[in-house]
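Good morning, everyone, and thank you for making the time. I would like to walk you through one structure, taking the empty spaces first, then the DNA, and then the charged pairs.

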4 protein chains.
Amino acid sequence: MAQPDTVTRILDTAEVLFAERGFAETSLRNITSKAKVNLAAVNYHFGSKKALIQAVFARYLDPFTERFHAALDELEAEYAGRVIPLEVLLESMAKTVLDVPAERNSLKVFMRLLGLAYSQAQGHLRRYIQDHYGSVFSRFSELVRKATPELPEAERFWRLHFVLGTVIFTLSGLDALRDIAEKDYGDHVSVRELIRRLRPVVVAAMNAPLPDAAPDSLPAAV
Amino acid sequence: MAQPDTVTRILDTAEVLFAERGFAETSLRNITSKAKVNLAAVNYHFGSKKALIQAVFARYLDPFTERFHAALDELEAEYAGRVIPLEVLLESMAKTVLDVPAERNSLKVFMRLLGLAYSQAQGHLRRYIQDHYGSVFSRFSELVRKATPELPEAERFWRLHFVLGTVIFTLSGLDALRDIAEKDYGDHVSVRELIRRLRPVVVAAMNAPLPDAAPDSLPAAV
Amino acid sequence: MAQPDTVTRILDTAEVLFAERGFAETSLRNITSKAKVNLAAVNYHFGSKKALIQAVFARYLDPFTERFHAALDELEAEYAGRVIPLEVLLESMAKTVLDVPAERNSLKVFMRLLGLAYSQAQGHLRRYIQDHYGSVFSRFSELVRKATPELPEAERFWRLHFVLGTVIFTLSGLDALRDIAEKDYGDHVSVRELIRRLRPVVVAAMNAPLPDAAPDSLPAAV
Amino acid sequence: MAQPDTVTRILDTAEVLFAERGFAETSLRNITSKAKVNLAAVNYHFGSKKALIQAVFARYLDPFTERFHAALDELEAEYAGRVIPLEVLLESMAKTVLDVPAERNSLKVFMRLLGLAYSQAQGHLRRYIQDHYGSVFSRFSELVRKATPELPEAERFWRLHFVLGTVIFTLSGLDALRDIAEKDYGDHVSVRELIRRLRPVVVAAMNAPLPDAAPDSLPAAV
DNA sequence: TATGAATGAGGTTTCATTCAT
DNA sequence: TATGAATGAAACCTCATTCAT
């Protein structure tokens, strides 16, 4: 038959619906009926709804991890022990992020899923991601550490998450924001266009001056 | 009686549970049983689960809106027609955000709710927030516009949301991040401390150089 | 105050809603909110929903009974022992039915209620009507008996109900039927006009020839 | 297994309970517990309570429609273009009505349901019946029109509904009426017996003289 | 006399999951 | 390998009624 097999149909449908509505708001019935698949098929093929959610993530994160490791391998070979500049690291990550879902033409979905992973993660998902993909993030963090030797450890940690927040928040809420931007400014942006806009902001954020060291005089500082 | 009335007990319980688990994952039973209140009380006092969600938001946003308008009034009076600098505007907002829930000692909850509003908003909530609190945000945007005349309209729009993403993402995921930071760096941060760290990053992000104007050479531009 | 008191407002609203939707489909909330009356008022003034239903009927049936008794008194006086013709009896009843609700201008509601009493009566209502208004119907039946001596007892009983069915069915479904009649035949009828049409039919029905006496050969007789 | 399948058990139980108590007064719990079936089974097999109600009707009306069309086909063939007399038409309808539920031995239930359809129809049911079974009724009306050429259009419309009221009202309230008849006149009637009694009445009603044409002189005309 | 608050029961519907085939 | 049927739990909501004031 020309149409993809059951497992693929379920995954394709599930990722779209999850991205649109979230996990709890998407029922297995929604998925199976839209995928034109038997209701019991999800439990048969995946075991449970939780396992399906993880499988949806794995389909993006497995190739991402593989490619990102490869990209970092290349960079390390290229720089041969010398420090890899922050911009280069960020660019490498961005390129990988853009590449992975390109095959499925659904970067937006990927980003929404990442956003959901943070905002809706029911524990099992957070654990799953940590267990399966923590290593590549650790490796990247270590390289960022070398690229920003002037930053205190804790400061770097926080700034990486500041930046992560910007990226995930923006890309996962893209549709809504894009609608507003287009209506108000006639500005229609693609994901790639948006990433172009993100680059200088992210770099500036990472390189921002350190805050005043006075945690006591807060009322005035805020 | 010493214990607060039914409506308050419901709201107090609901906001905590919503913040912890999200809207769909929190049932009215969860709320009413934890609040030691009759199951039907929610529908009696609020009409529906949707209306309860909105009421939870209103309890934060109503005072926030009022105070923020007042703070902006003060600033406009103080600057008497002159441009209010970006840092001052941001500081004013931060101060208001910090003040409002202080009475209830739950900034974290407020931020989690804001995060949910973006990631889980089921339409009705987004509409509600837009309708009820859009005006104060518009006013703030307009002041930011005057404070950053060099930024193109669209660019400013996006950067404001980049920054919003940073703030909401960080503050709403605060607990998890704080745990990691403490374990790995012995760095125990308070919310105020975190905001101190956010300040230079946010300012730098808003003032970052404009991106290259080349939307076509994307592969290289990331 | 110009507006009627609580009890009246409840009754006025209840009869309309009952007539429109039926008893079970009309909640006390529907009634009290439309009547702009406190929810507890029904239970306070009437004791229960059942009692309210009975009160709604009583407001029509009490004056009806009284007047019908009076009308029959007059007829009996006028005919002084002689048989009162069937047409006269029917006409008297029709006149009374038309008169009673005239004050409230809602014959239709009265008829709908009568229809409901038959089709939806939950026992308590059937009993209530039987207990309170059985006597006047018995008196009328007895007069009809005298007016149609040629009819076997059982036959008369059934024919009275045949006719009752026609009247109640037609008048209680009047709105829907009138819409169809108007659309299809440009025939806009008033209640009085309809009753004019009913008269010869009812008389013909009562005077129809007796059925073949062959209850055994049914399959052929239908 | 000897016992019928779930769908049939639900339908069998539902039609009895609906007929006894009405739609709103019969809960799905009533049905499923009496049918010894899981509560969710109704929604699984029918989708909603409304759909179940429609299915209950369809089980009667589908075969009725089919057979009635067939019966009219036969009559038209037999009369070969000549007018089919009113009595023949009515007899044909009565025969079909009696035949259909015979298999299920529950004419009474069928009649109660028809009565409910008129008195309790919540819109959705009236629409459903109109959509699905309007055509056979139209065909019958047209034949009646030819059989009663002397009747004005509007008059025929009303008389058909007068008669319909008699039939539905009597047959749907049969149990109560039968009890009374038996108690008062020792007259125990079967449905078939009752239909025998209805025949001359219905014919007489349809053939009644036209009413006086005086819609103005109402008080006297009643 | 009247009412706002509250309650327990029960309504329909949807859920993820299991089972027999 | 796959599926239609079925299930128990739990979801949100509405109900008539009661109670303290």
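What you see here is a predicted model, and I will start with the spaces inside, of which the structure holds 2 cavities of 30 Å³ or more. Rolling a probe the size of a water molecule over the atoms shows where empty space is left. The largest cavity has a volume of about 90 Å³, and its lining comes from chains A and B, where A:Phe162, A:Val163, A:Thr166, A:Val201, A:Val202 and A:Ala205 are joined by B:Phe162, B:Val163, B:Thr166, B:Val201, B:Val202 and B:Ala205. If you look for the elements that give two or more residues to this lining, you will find helix 8 (153-172) and helix 10 (191-206) of chain A, together with helix 8 (153-172) and helix 10 (191-206) of chain B. What classes of residue make up the lining of the largest cavity? There are 10 nonpolar and 2 polar residues, and no charged ones.

Now please turn to chains C and D, for the second largest cavity, which has a volume of about 80 Å³. Its lining residues include C:Phe162, C:Val163 and C:Thr166 from chain C, and D:Val201, D:Val202 and D:Ala205 from chain D. Here the elements that give two or more residues are helix 8 (153-172) and helix 10 (191-206) of chain C, along with helix 8 (153-172) and helix 10 (191-206) of chain D. By class, the lining of the second largest cavity divides into 10 nonpolar, 2 polar and no charged residues.

Let me move on to the DNA, beginning with strand F. DNA strand F is surrounded by 27 residues, and the closest of them are A:Asn38, D:Thr6, D:Asn38, D:Tyr44 and D:His45. Which part of strand F do the atoms within 4 Å of the protein belong to? For 64% of them the answer is sugar or phosphate, and the rest belong to bases. Some individual contacts to phosphate oxygens of strand F are worth finding on the screen: a polar side-chain atom of D:His45 lies 2.3 Å from one, an N or O atom in the side chain of C:Lys49 is 2.8 Å from one, and for the side chain of C:Ser27 the distance is 3.3 Å. Among the elements that give two or more residues to the surface near strand F are helix 2 (28-35) and helix 3 (40-46) of chain C, as well as helix 3 (39-46) of chain D. That surface has 10 nonpolar, 13 polar and 4 charged residues.

For DNA strand E, there are 27 residues around it, and B:Thr6, B:Asn38, B:Tyr44, B:His45 and C:Asn38 come nearest. Of the atoms of strand E that come within 4 Å of the protein, sugar and phosphate account for 62%. The side chain of B:Thr6 has an N or O atom 2.7 Å from a phosphate oxygen of strand E, while on chain D a polar side-chain atom of D:Arg29 lies 2.9 Å from such an oxygen and one of D:Ser27 lies 3.0 Å from one. The surface near strand E divides into 10 nonpolar, 13 polar and 4 charged residues.

My last topic is the charged pairs. Side chains of opposite charge can pair when their charged atoms come close. Over all chains, the structure holds 50 salt bridges, and I have picked out a few of them. In chain B, the side chains of B:Arg145 and B:Glu142 meet in a salt bridge, at 2.9 Å from N to O. Where do these two residues sit relative to each other in helix 7? They are 3 residues apart in that helix (residues 124-147), so about one helical turn separates them. B:Arg145 is partly exposed at 31% relative accessible area, and B:Glu142 is partly exposed at 32%.

Finally, in chain C, a salt bridge joins C:Glu155 and C:Arg159 at 3.2 Å, N to O. Because they lie 4 residues apart in helix 8 of chain C, they too are separated by about one helical turn. Are these two side chains in a buried or an exposed setting? C:Glu155 is buried, with a relative accessible area of 3%, and C:Arg159 counts as buried at 1%.

Methods. Residues are numbered from 1 along each chain as its sequence is written. Chains are lettered from A and ligands numbered from 1 in the order in which they are written. This is a predicted model: local features need pLDDT of at least 70, side-chain atom pairs count only at pLDDT 80 or more; totals for chains, interfaces and linings use all residues. Side-chain values use heavy atoms; hydrogens and water are left out. On a 1 Å grid over the protein atoms alone, a cavity is a set of points where a 1.4 Å probe fits but cannot get out, and a pocket is an open set with protein on both sides within 12 Å along at least five of seven lines; lining residues have an atom within 4 Å of a point. Grid points are joined across faces, edges and corners, and a volume is the space filled by probe spheres set on the points. Ala, Val, Leu, Ile, Met, Phe, Trp, Tyr, Cys and Pro count as nonpolar, Asp, Glu, Lys and Arg as charged, and the others, Gly among them, as polar. A residue is near a molecule or strand if one of its heavy atoms lies within 4 Å of it. A polar contact is a pair of N or O atoms within 3.5 Å; within protein, one must be able to donate a hydrogen and the other to accept it, and residues adjacent in sequence count only if both atoms are side-chain atoms. A salt bridge is a side-chain nitrogen of Lys or Arg within 4 Å of a carboxyl oxygen of Asp or Glu. Buried means under 20% relative accessible area, exposed over 50%, partly exposed in between (1.4 Å probe, protein chains only).
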